[in-house]
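Ready to get to know a new structure by working through some exercises? Try each task yourself before you read its solution.

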Amino acid sequence: MNIVITGGSKGMGKAMAEKFASANHKIFICSRTAKDLIETVNELRARYNAAVEYFVADLSKKEQVLQFALWLLEKKTDIDVLINNAGLFVPGSVYNEPEENLEQMIEVNLYSAYHLTRALIPKMIERKSGHIFNMCSIASFKAYANGGSYSISKFALMGFSKNLREEMKPFHIKVTAVYPGAVYTASWEGAGYTPQRMIDTKDIADLVYAASQLSVQACVEDIVIRPVLGDLP
């Protein structure tokens, strides 16, 4: 299969790239930081002898999302799985967070998935085949203090996922929303929690991979996963 992963250079995106690469799928990944992206690509190629191609793009900018989409479409390669993973977390409360927080969170966490999906989905519709994963969050349906614009953007991504799921049913295109609780990534550095208190990125990768391997008759609509001890306080 041909797998597209945004935000694929670290964290959950890198773990998912590793999982699919280890199973001999072809990977197309993007990230805004060239250094991290190239290091990840070289690691995947060396460790798994994987077919990996990459594109440097800041998906908070619509024009770069469309450049990435055009790069993919020009390859004339059928995209089997699209994982909208690019995301950003900046803490803050609605009433006192920096003025630009909402715009920033919406651009990265919602618009990137919206614009990339719209650019790539016509070919999936033509083929009546494909699977789209949107990396939402527990914050998509559970409000919490200091969640602010991040939570707003993830609520919106959940809405996008649910609507897209209904729209794609006639075309046999699967849509899965993934709702992780606290996952041990760079976003939590310095927060005072140990890796054992959080979800491992490999757990997310395993779940997404498993959902992508089901028969054409089955679609996992929602994946909810939390730390075994529950959400972080």
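## Exercise 1: Around F68

If you skip the neighbours within four places in sequence, F68 touches V4, T6, I29, C30, F55 and L116. Keep in mind that you're looking at a predicted model.

**Task.** Work out how many residues the largest nonpolar core has, and which of them have the most contacts inside it.

**Solution.**
- Step 1: The largest nonpolar core has 33 residues, and F68 and L72 are the ones with the most contacts inside it.
- Step 2: Now see where this core gets its residues. The elements giving it two or more are β2 (26-31), α3 (62-73), α4, α5 and β6.
- Step 3: Look for the main contributor. That's α4, whose 7 residues make up the largest share of this core.
- Step 4: Don't stop there, as another core of 29 residues lies apart from this one, with M12, A50, V81 and A205 among its members.

## Exercise 2: A hollow inside

**Task.** Find how many cavities of 30 Å³ or more the whole structure has, then describe the lining of the largest cavity.

**Solution.**
- Step 1: Searching the whole structure turns up 1 cavity of 30 Å³ or more.
- Step 2: The volume of the largest cavity is about 40 Å³.
- Step 3: Its lining is made of T6, N84, N85, A86, N109, S112, A113 and L157. You've met T6 already, as a contact of F68.
- Step 4: Sort these lining residues by type, and you get 3 nonpolar, 5 polar and no charged.
- Step 5: Check which element gives the largest share of the lining: it's α4, with 3 residues.

## Exercise 3: Charged partners

**Task.** Say which residues R127 meets in salt bridges, and set these pairs beside the one between E39 and K35.

**Solution.**
- Step 1: Start with the general idea. Side chains of opposite charge can pair when their charged atoms come close.
- Step 2: In total, the structure holds 14 salt bridges.
- Step 3: Take E39 and K35, whose side chains meet at 2.8 Å, N to O. They sit 4 residues apart in helix α2 (residues 34-48), so about one helical turn separates them. K35 is exposed, at 57% relative accessible area, while E39 is partly exposed, at 42%.
- Step 4: Move on to R127, which forms a salt bridge with D78 (3.9 Å, N to O). This pair links distant parts of the chain, with R127 in helix α4 and D78 in the loop between α3 and β4 (81-84), 49 residues apart.
- Step 5: R127 also has a salt bridge with D80 (3.9 Å, N to O). Again distant parts of the chain are linked, and D80, in the loop between α3 and β4, is 47 residues from R127.
- Step 6: Compare accessibility. R127 is partly exposed at 26%, D78 is partly exposed at 43%, and D80 is partly exposed at 21%.
- Step 7: One more group to spot: K14, E18, E43 and R47 are joined in a network of salt bridges.

## Exercise 4: Positive phi

**Task.** Look at K128 and H172: where is each found, and is each exposed or partly exposed?

**Solution.**
- Step 1: K128 has a phi near 55°, a positive value in a residue other than glycine. H172 has a positive phi too, near 60°.
- Step 2: Place K128 in the loop between α4 (101-127) and β5 (131-135). H172 belongs to the loop between α5 (148-168) and β6 (174-180).
- Step 3: Apply the cut-off: exposed means over 50% relative accessible area. At 57%, H172 is therefore exposed, whereas K128, at 47%, counts as partly exposed.

Terms used:
Residues are numbered from 1 along each chain as its sequence is written. This is a predicted model: local features need pLDDT of at least 70, side-chain atom pairs count only at pLDDT 80 or more; totals for chains, interfaces and linings use all residues. Side-chain values use heavy atoms; hydrogens and water are left out. Buried means under 20% relative accessible area, exposed over 50%, partly exposed in between (1.4 Å probe, protein chains only). On a 1 Å grid over the protein atoms alone, a cavity is a set of points where a 1.4 Å probe fits but cannot get out, and a pocket is an open set with protein on both sides within 12 Å along at least five of seven lines; lining residues have an atom within 4 Å of a point. Grid points are joined across faces, edges and corners, and a volume is the space filled by probe spheres set on the points. Ala, Val, Leu, Ile, Met, Phe, Trp, Tyr, Cys and Pro count as nonpolar, Asp, Glu, Lys and Arg as charged, and the others, Gly among them, as polar. A nonpolar core is a set of buried Ala, Val, Leu, Ile, Met, Phe, Trp, Tyr and Cys residues joined through side-chain atoms within 4.5 Å. Contact means heavy atoms within 4.5 Å. A salt bridge is a side-chain nitrogen of Lys or Arg within 4 Å of a carboxyl oxygen of Asp or Glu.
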